[in-house]
Amino acid sequence: MTAIKNGKIVTPNEVIENSILLIENDRIQGISDNTGNAETIIDAGGSYVLPGLIDVHSDRLEQFIQPRPSSQMDFSFALKMCEREMISAGITTIFHSIALYNDDYFNVSPLRTKENTEKIADLIEESRSCARLIRNRVHLRIEIDNLEAFDIAKNVISQSKVHLISFMDHTPGQGQYSDLNVYYKNVLEMGAFKMENMTAQSLAEHHENKSMLSLEQLKELASFAREKKIATASHDDTVENFDVNREIGVSISEFPITMEAAKKAKEYGFSTVVGAPNILRGNSHCGNLSGAHAILEDAADIICSDYYPAAMLSSIFRMHTKQGVPLEQMVNRATLNPAKALGIQDDYGSIEQGKKADIIFVNTRENAPEITDVFVNGNRALSMQYWS
């Protein structure tokens with residue numbers, strides 16, 4: 001038995017002080033007023049004691065594999081380096097976003113091919129039986145104009161190598177890119193090719209007659225995922241999307257683009273996701289919904305790292321100290337709420353008896369959070385000391 005004392009324990013409903021957190025093997029035994037028969041006593045030094053963060057959407061692994069357009073690293077090495085960054089950000093369960101694009105004009109990447117998607121999924125599956133720092137899972141993002149994605153998705157879902165799927169439509173003129181000029185600017189910044197003599201309007205015209213996965217195919221993928229207890233998300237939702245999304249079988253709305261859409265998603269019973277970088281920056285990089293505003297309006301259930309892992313913990317404390325949101329409510333948005341949306345809440349997502357002992361210690365200095373220790377499955381996987 002291990003006892004953690006002198007910590008401010010953040011539970012789903014409150015912050016508890018002057019109590020002891022008890023851990024046995026890989027599980028939380030409960031919260032007590034004494035150390036009992038604990039063989040090991042750990043002093044949290046007045047830190048906040050939080051559950052490990054659960055990140056439902058992270059593009060970071062791609063950046064470790066392909067740090068520059070012309071430079072590709074060994075996939076296994078990249079995953080190990082990515083794990084180190086994630087654990088230092090307090091993320092103990094990560095859903096790596098692997099995207100299947102079809103469009104030469106948007107997000108061109110050699111990683112977003114059938115072969116490399118399957119290679120990454122295989123690597124993450126293999127990592128589950130190897131020495132590791134955190135739990136690695138796969139979030140398969142399916143662009144609906146990629147007809148090949150249907151068979152790829154069915155294959156990896158059937159092999160239980162995917163743990164969350166989402167449907168995306170980055171067609172210009174709607175969704176995230178309702179402003180054609182914003183779309184065109186993003187395409188240029190992402191280094192897409194074949195841009196000679198292209199304008200925002202001609203780029204939009206390129207998309208007008210392209211083929212899409214059918215509604216029946218999307219419903220089939222979502223149904224197949226549910227059979228495997230895999231959640232299905234939609235991406236960059238507008239108010240007009242939700243009837244179709246409900247028919248498909250979606251249960252999570254990632255990055256609704258307006259407040260009206262976020263509130264509509266909640267009305268329909270979807271879990272809503274906003275990006276933590278959006279909260280820190282104060283706005284969306286595409287000019288869409290403010291994540292902070294959505295939280296204050298109770299229209300955002302979950303925060304994810306999106307493209308910047310360190311933003312998750314910082315956004316929790318930013319919303320608590322600057323906006324007055326109770327700390328436990330912000331912590332839930334990065335732990336218990338994503339666990340519930342993904343159906344893993346029996347084991348993960350909160351400091352409660354019987355759950356996995358994924359724990360982080362967080363100090364605050366000048367209102368900025370600093371992680372000192374991370375425990376995964378009850379084992380101390382990271383310890384850092386700050387000096388001055």
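Me: For helix axes, angles under 35 degrees count as roughly parallel. With that in hand, what makes helix 4 and helix 7 roughly parallel to each other in this predicted model?

Reply: The angle does. Helix 4 (residues 149-158) and helix 7 (residues 215-227) pack at about 10°. That value is under 35 degrees, so the pair counts as roughly parallel. Their axes run 10 Å apart.

Me: How do you know that helix 4 and helix 7 meet, and which residues are involved?

Reply: Contact here means heavy atoms within 4.5 Å. On the helix 4 side you have Phe 150, Ala 153, Lys 154, Ile 157 and Ser 158, and they meet Gln 217, Glu 220, Leu 221, Phe 224 and Ala 225 of helix 7. Sorted by class, that contact has six nonpolar, two polar and two charged residues.

Me: On to helix 3. Why is Ser 127 called buried?

Reply: Its relative accessible area is 9%. Buried means under 20%, so Ser 127 makes the cut. Ser 127 is found in helix 3. Leaving aside residues up to four places away in sequence, Ser 127 touches Leu 79, Arg 132 and Asn 136.

Me: Lys 119 is in helix 3 (residues 114-127) as well. What makes Lys 119 partly exposed?

Reply: Partly exposed is the range between under 20% and over 50%. Lys 119 has 43% relative accessibility, so partly exposed is the label it gets. How far is Lys 119 from Phe 75? The two are 44 residues apart in sequence, and their C-alpha atoms are 8.6 Å apart in space.

Me: What makes the phi of Asn 18 worth a look?

Reply: It is near 60°, a positive value in a residue other than glycine. Asn 18 has its place in strand 2 (residues 15-24). Exposed means over 50%, and Asn 18 has 77% relative accessibility, so Asn 18 counts as exposed.

Me: And Asp 298: where does it sit, and why is it called partly exposed?

Reply: Asp 298 is in the loop between helix 11 (291-296) and strand 13 (302-304). Its relative accessibility is 48%. Exposed would need over 50% and buried would need under 20%, so Asp 298 ends up as partly exposed. Its phi is positive too, near 55°, and Asp 298 is a residue other than glycine.

Me: Now the empty space. What makes a space a cavity rather than a pocket?

Reply: In a cavity a 1.4 Å probe fits but cannot get out, whereas a pocket is open. Searching the whole structure turns up two cavities of 30 Å³ or more. The largest cavity has a volume of about 70 Å³. Among the residues lining the largest cavity are Pro 51, Thr 92, Tyr 348, Lys 355 and Asp 358. Its lining has three nonpolar, five polar and four charged residues.

Me: What lines the second largest pocket?

Reply: That pocket holds about 380 Å³ of space. Of its 17 lining residues, Arg 128, Arg 137, His 163, Lys 229 and Ile 344 are the closest to its centre. Strand 7 (91-100) and strand 8 (135-143) each supply at least two residues of the lining. The class count is six nonpolar, four polar and seven charged.

Me: Last one: how many helices and strands are there, overall?

Reply: The protein comes to 14 helices and 16 strands. Of its 388 residues, 56% count as buried.

Note on methods. Residues numbered from 1 in each chain as written. Predicted model: local features only at pLDDT ≥ 70, side-chain atom pairs only at ≥ 80, totals over all residues. Heavy atoms only, no water. 1 Å grid on protein atoms, 1.4 Å probe; cavity = no way out; pocket = protein on both sides within 12 Å on 5 of 7 lines; lining within 4 Å. Points joined across faces, edges and corners; volume = space filled by probe spheres on them. Helix = DSSP H or I, 4+ residues; strand = E, 2+ residues; numbered from the N terminus. Nonpolar A, V, L, I, M, F, W, Y, C, P; charged D, E, K, R; others polar. Axes fitted to C-alpha atoms, helices over the stretch in contact; angles between N-to-C directions. Parallel < 35°, antiparallel > 145°, perpendicular 65-115°, else oblique. Buried < 20%, exposed > 50% of the residue type's maximum accessible area, 1.4 Å probe, protein only.
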